[in-house]
Amino acid sequence: QRQMAWMLRHELGLPGDGELVVPPRVAIYNTEANGPLHEILKAHPLYQCSEYWGDKSEFGETVNGVRNEDLQALSFEPMIFDVVLSSDVLEHMPSPYLAHSEICRVLKPGGKHIFTVPYGEAMARDDVRASLVDGMVVNHAEALYHGDPVRPDEGILVWTIFGLEMLVRLSEIGFHTELWQLHEPAQGIVGPGAIVFSAQRRVGPRAG
């Protein structure tokens with residue numbers, strides 16, 4: 001969350017400390033509806049957020065006051081957001097690059113997707129740990145689960161750990177992606193693994 005907040009400040013040209021105040025005309029979509037950054041942003045006039053509630057309602061409708069969205073098939077109109085935020089979300093779906101394509105679609109040209117994912121800097125290819133085959137989950141490695149704030153008693157499956165392949169595929173989708181290895185002790189960002197990505201939708205025609 002601190003990494004995401006730091007990068008949001010940086011990409012919007014905001015002060016590096018003090019209260020995080022996003023300009024009122026910046027449209028932000030957060031792919032989760034919990035956590036400290038959500039609490040800061042939720043009063044912003046152009047802020048939207050969602051969770052994945054599955055078949056509890058149609059996508060685009062609300063469950064428990066929160067919009068239901070599948071990032072692999074977003075219900076939003078094209079090119080409406082300046083910033084999309086996702087923090088350790090994309091590894092938890094069978095088709096993460098479909099989700100990246102959808103995020104690219106809903107971003108305005110020049111808009112940015114700020115995100116974190118589990119990332120192996122020394123890995124050339126993604127580690128695809130599970131696939132969806134004929135509607136069934138097929139594990140290619142020991143099943144790995146992360147904690148899920150929406151379903152704390154269940155956990156959530158890790159489908160993919162990303163490698164350098166991700167940067168190539170994001171370029172093919174239509175992004176220019178930067179990897180930031182942060183070290184900002186004044187903001188509580190220290191130690192290994194402080195990696196955050198900023199993927200900007202290209203202004204011209206995009207691939208994919």
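The buried residues of helix α4 pack against α3 (96–106), β6 (107–116), β13 (175–181) and β14 (195–201). This is a predicted model, so every point below is best read with that in mind. Besides α4, two buried loop residues are worth a visit: serine 57 and aspartate 70.

**Helix α4 and its end**

- Helix α4 spans residues 165–173, and its buried residues are Glu165, Met166, Leu170 and Ile173.
- These residues sit on the same side of α4, because they cover an arc of only 130° around the axis.
- Glycine 174 comes just after α4 and takes a positive phi of about 135°.

**Serine 57, between β2 and β3**

- The loop that holds serine 57 runs between β2 (47–51) and β3 (62–63).
- Serine 57 has a relative accessible area of 14%, and it counts as buried because the cut-off is under 20%.
- If you set aside residues up to four places away in sequence, serine 57 touches Thr62, Val63 and Asn68.

**Aspartate 70, between β4 and β5**

- You will find aspartate 70 in the loop between β4 (66–68) and β5 (81–87).
- Its relative accessibility is 15%, so aspartate 70 counts as buried.
- The side chain of aspartate 70 reaches the backbone nitrogen of glutamine 72, at 2.9 Å.
- Aspartate 70 is also in contact with Tyr52 and Phe59, leaving aside neighbours within four places in sequence.

Conventions:
Residues numbered from 1 in each chain as written. Predicted model: local features only at pLDDT ≥ 70, side-chain atom pairs only at ≥ 80, totals over all residues. Heavy atoms only, no water. Buried < 20%, exposed > 50% of the residue type's maximum accessible area, 1.4 Å probe, protein only. Helix = DSSP H or I, 4+ residues; strand = E, 2+ residues; numbered from the N terminus. Arc of directions from axis to C-beta. Contact = heavy atoms within 4.5 Å. Polar contact = N/O pair within 3.5 Å; in protein donor to acceptor, adjacent residues only side chain to side chain.
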